[in-house]
Structure formats: C-alpha cells, structure tokens
Amino acid sequence: MIGPDTAGIAERLGVAADTATAIGQLAAETGLDVDAAYAVQTALIQRRLDRGERLVGLKMGLTSKAKMAQVGVDEVIWGRLTDTMRVPDGGSVDPAAFIHPRAEPEVAFLLDRLPEPGEPVGDFTDAVRAVAPAIELIDSRYANFTFSLPDVVADNASAAAFVIGPWSPVPDGVENLGVVLEVDGRVAEVGSTAAILGDPRRALDEGIRLAGRHGVRLREGWVFLAGAATAAVPLRPGAHVRAVVEKLGTASLRASA
Ligand code: OOG
Ligand code: MG
C-alpha cells in the first residue's frame with residue numbers, strides 16, 4: 001500500500017502559512033491518520049529548519065475543555081516552536097501575516113534538565129527552571145478554522161507565534177492560578193490554570209510522553225507552552241492583548257493596524 005504523500009502535504013501546509021492563504025482540510029482526502037500526521041508535522045518543521053530557523057520548544061494543544069469545545073477535537077496534541085515564532089513581550093505582530101489569527105492565554109515553563117526517556121519526571125522543580133505568563137497566537141491553515149484531529153496535528157497544532165512574559169521562580173503551586181485574557185483593556189476570557197488537565201504540570205508529563213512516542217525529546221533551555229486555559233479570541237488589527245496569570249504577572253502584544 002502506498003502511504004500518504006508526507007512531503008507533499010507538508011509543502012501545502014508550509015506554503016499556506018508562508019502566504020497566509022487558507023487551504024481545505026486534507027486528512028480525509030489523503031488518508032492521513034494521527035501517526036502519519038505527526039510525520040507531516042516533522043516535515044513541515046524541517047522545512048523551517050532548512051531555511052535557518054531553530055527549534056526552541058514545544059507547545060501542547062487542547063489540554064483544556066474550553067479549547068476542545070471551541071475546535072471540536074477532544075485529544076491532547078503537541079506541536080513545535082521555532083525561534084522566528086517568538087515575539088518580544090509587548091511587541092507587535094502584523095495580523096495580515098496570518099490567515100485568521102487568534103490569541104489565547106498560556107502558562108510557559110522554561111525547561112531544565114529532563115530525565116532520560118522512560119524515566120519518571122520526578123520533582124517538577126528539577127524539570128522546570130522558571131514559569132511565565134504567555135500568549136499564544138494560533139492560526140489554523142485550514143479554511144474557517146475547521147479541522148479533524150490528524151489535520152490539526154499535521155498543521156503543527158495551529159502554532160503561529162508566541163509571547164513570553166517575565167520568568168519567575170517556580171511557585172509553590174501552579175494548579176489553580178486565575179487567568180484573564182484582556183483585549184483593549186476589556187476582559188475577554190476568564191479561567192484558571194486548573195482547566196489545563198487539572199494541573200499544568202500534567203501537561204508537561206503528557207508532552208514528554210506524547211512527543212517521546214515520535215522520537216522527540218524535550219531539551220534543557222526549551223520553552224514549553226502547557227496549553228490555553230480558556231477559548232481563544234480573534235486578533236483584530238490594532239488590538240492590544242494582555243494575558244494576566246495570578247502570581248506570575250502579564251504578557252502582552254499588539255496587532256498592527
Ligand atoms: C489547536 C491548538 C490548540 C491550545 O492551547 O489548546 C492550542 C487550535 O485550537 O487550533 O494551542
Ligand atoms: Mg495554545
């Protein structure tokens with residue numbers, strides 16, 4: 001049997017991102033299952049590495065019910081972050097560089113040395129050096145932000161850009177911190193880090209386990225996004241977006257007009 005055309009699908013997704021042009025879903029048409037979709041994601045990221053980008057971290061997706069409900073996919077997924085996706089805290093992005101960008105509040109971990117594959121993570125404070133509030137910009141390359149599980153996996157879990165606020169030493173607990181997403185000074189979404197698999201630390205365990213299945217090891221110095229605690233909101237031209245996480249502070253970004 002001839003499998004799906006991994007390189008061809010990755011190229012279609014890559015061009016869609018590069019040109020900010022939506023494409024139709026492709027998993028059903030190409031017979032892509034979840035494993036094959038992660039192979040497409042690997043090829044899609046390789047395309048970025050080939051033009052000089054560097055891997056800087058991992059992002060989890062659909063770790064909260066709010067997110068699962070918003071996109072209609074109820075499996076935890078992961079994607080890769082590269083250096084060019086990072087926007088400085090308080091910096092701006094051009095929404096026209098994306099198809100239909102959405103902003104969501106996240107908690108970021110700065111990874112320390114992680115155990116060998118198969119070994120338990122052990123103490124969270126050994127695995128994580130610092131914690132920060134963050135904003136993720138997601139931008140599905142599929143028309144209408146509509147996709148199946150293999151579609152979104154192939155599309156690098158809709159990753160587009162991210163902002164990391166100031167790093168803090170790991171607080172006593174990160175499992176029930178209030179989260180607010182503000183747009184132009186108005187509250188758009190409210191939640192708690194408890195929405196992230198009950199405790200965002202669990203997202204790290206899941207990330208290690210799920211990425212490990214595909215031969216990806218998390219590295220010291222990487223950024224880890226645990227997944228949004230609330231639904232995402234559309235990023236409109238000129239908008240100022242702020243994510244506030246209790247005890248951790250704020251991260252912000254501006255969309256150019
Ligand atoms: C998939 C990415 C989900 C999160 O934090 O849950 C994600 C999507 O919503 O398009 O990044
Ligand atoms: Mg996210």
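Let's start at one contact in this predicted model: an N or O atom in the side chain of Glu-104 lies 2.8 Å from an oxygen atom of ligand 1. Two other polar partners are worth finding on your screen. The side chain of Lys-59 places an N or O atom 2.7 Å from a ligand 1 oxygen, and a polar backbone atom of Ala-228 is 2.8 Å from an oxygen of ligand 1. On its own, ligand 1 would expose 320 Å², and the protein buries 100% of that area.

Where does ligand 1 sit? Its place is the largest cavity. Four elements each give two or more residues to the shell around ligand 1: strand E1 (55–61), helix H4 (65–71), strand E5 (102–111) and strand E6 (128–138). Strand E1 gives the most, with 3 residues. In total, 17 residues surround ligand 1, and Leu-62 and Ser-158 are among the closest, along with Lys-59, Glu-104 and Ala-228. By character, the shell holds 9 nonpolar, 3 polar and 5 charged residues.

Now come back to Glu-104, which has a second partner: the magnesium ion, ligand 2. Its protein donors are OE atoms of Glu-104, Glu-106 and Glu-136, at 1.9 to 2.0 Å from the ion. Along the chain, these donors follow the spacing E-x1-E-x29-E. Glu-106 belongs to strand E5 and Glu-136 to strand E6, so this pair ties together parts that are 30 residues apart in sequence.

If you keep one residue in view, let it be Glu-104: its side chain has a polar contact with ligand 1, and it is also a donor to the magnesium ion.

Technical notes: Residues are numbered from 1 along each chain as its sequence is written. Chains are lettered from A and ligands numbered from 1 in the order in which they are written. This is a predicted model: local features need pLDDT of at least 70, side-chain atom pairs count only at pLDDT 80 or more; totals for chains, interfaces and linings use all residues. Side-chain values use heavy atoms; hydrogens and water are left out. A residue is near a molecule or strand if one of its heavy atoms lies within 4 Å of it. A polar contact is a pair of N or O atoms within 3.5 Å; within protein, one must be able to donate a hydrogen and the other to accept it, and residues adjacent in sequence count only if both atoms are side-chain atoms. Accessible areas come from the Shrake-Rupley method with a 1.4 Å probe; for residues, only the protein chains shown count as cover. On a 1 Å grid over the protein atoms alone, a cavity is a set of points where a 1.4 Å probe fits but cannot get out, and a pocket is an open set with protein on both sides within 12 Å along at least five of seven lines; lining residues have an atom within 4 Å of a point. A molecule sits in a cavity or pocket if more than half of its atoms lie within 2 Å of its grid points. Ala, Val, Leu, Ile, Met, Phe, Trp, Tyr, Cys and Pro count as nonpolar, Asp, Glu, Lys and Arg as charged, and the others, Gly among them, as polar. Donors are N, O and S atoms within 2.8 Å of the metal (3.2 Å for Na, K and Ca); water is not among the atoms, so sites may look incomplete.
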